[in-house]
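Work through these short exercises with the structure in view. Each task is followed by a stepwise solution.

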Amino acid sequence: RDYRAPEHASFILDVMKQLFSEGYEYVRPNAITYTSVMNAWVYSQDRRSPEKIHELYEEMRNKWNEGDESLRPTAATYSMVIKSLVNSREDDKGPKAEEILRR
């Protein structure tokens, strides 16, 4: 595994978001795109993984709440978020996971 994979995946997502904002409709990031980037972070075992995944999840969820149906979180999305919490060193990961699933 390449330890730089999550950084590369995040960079590609950023490029896609930029191009989409410039009118290139065919590169619109969707739930699969975001979840794939989360997957790269989860399996990287990078200590920043839980924070990065939470940021991606919140961004995705906020855009979905604003009406972008292509960013509706999937079961795979929630799996990545929960895995990141399980792998984290946070003391309150159980309640955080429950809160995410109840939203």
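**Exercise 1. Place phenylalanine 11 and decide: buried or exposed?**

Solution.
- Phenylalanine 11 sits in helix α1, which covers residues 5-21. The model is a predicted one.
- Its relative accessibility is 56%.
- Exposed means over 50%. Phenylalanine 11 therefore counts as exposed, at 56%.

**Exercise 2. Find the nonpolar surface patch that includes Phe11 and give its area.**

Solution.
- Phe11, Ile12 and Val15 make the patch.
- The area of this nonpolar patch is about 290 Å².

**Exercise 3. Describe the largest pocket: its volume, its helices and its lining classes.**

Solution.
- The largest pocket holds about 240 Å³ of space.
- Its lining includes Val42, Arg47, Pro50, Ser84 and Glu90.
- Helices α3 (49-65) and α4 (75-87) each supply at least two lining residues.
- Helix α3 gives the most, with three residues.
- Sort the lining by class: two residues are nonpolar, five polar and five charged.

**Exercise 4. Do the same for the second largest pocket.**

Solution.
- The second largest pocket holds about 170 Å³ of space.
- Among the residues that line it are His54, Val81, Leu85, Lys96, Ile100 and Arg103.
- Helices α3, α4 and α5 (93-102) each supply at least two residues of this lining.
- By class, the lining has four nonpolar, two polar and five charged residues.

**Exercise 5. Name residues that line both pockets.**

Solution.
- Look for Pro50, Glu51, Ser84 and Glu90 in the lining of the largest pocket.
- Pro50, Glu51, Ser84 and Glu90 also line the second largest pocket.

Note on methods
Residues are numbered from 1 along each chain as its sequence is written. This is a predicted model: local features need pLDDT of at least 70, side-chain atom pairs count only at pLDDT 80 or more; totals for chains, interfaces and linings use all residues. Side-chain values use heavy atoms; hydrogens and water are left out. On a 1 Å grid over the protein atoms alone, a cavity is a set of points where a 1.4 Å probe fits but cannot get out, and a pocket is an open set with protein on both sides within 12 Å along at least five of seven lines; lining residues have an atom within 4 Å of a point. Grid points are joined across faces, edges and corners, and a volume is the space filled by probe spheres set on the points. Helices (H or I, at least four residues) and strands (E, at least two) are DSSP runs, numbered from the N terminus. Ala, Val, Leu, Ile, Met, Phe, Trp, Tyr, Cys and Pro count as nonpolar, Asp, Glu, Lys and Arg as charged, and the others, Gly among them, as polar. Patches are made of residues with over 30% relative accessible area and no salt bridge: like charges are joined within 9 Å, nonpolar side chains (Val, Leu, Ile, Met, Phe, Trp, Tyr) within 5 Å. Accessible areas come from the Shrake-Rupley method with a 1.4 Å probe; for residues, only the protein chains shown count as cover. A salt bridge is a side-chain nitrogen of Lys or Arg within 4 Å of a carboxyl oxygen of Asp or Glu. Buried means under 20% relative accessible area, exposed over 50%, partly exposed in between (1.4 Å probe, protein chains only).
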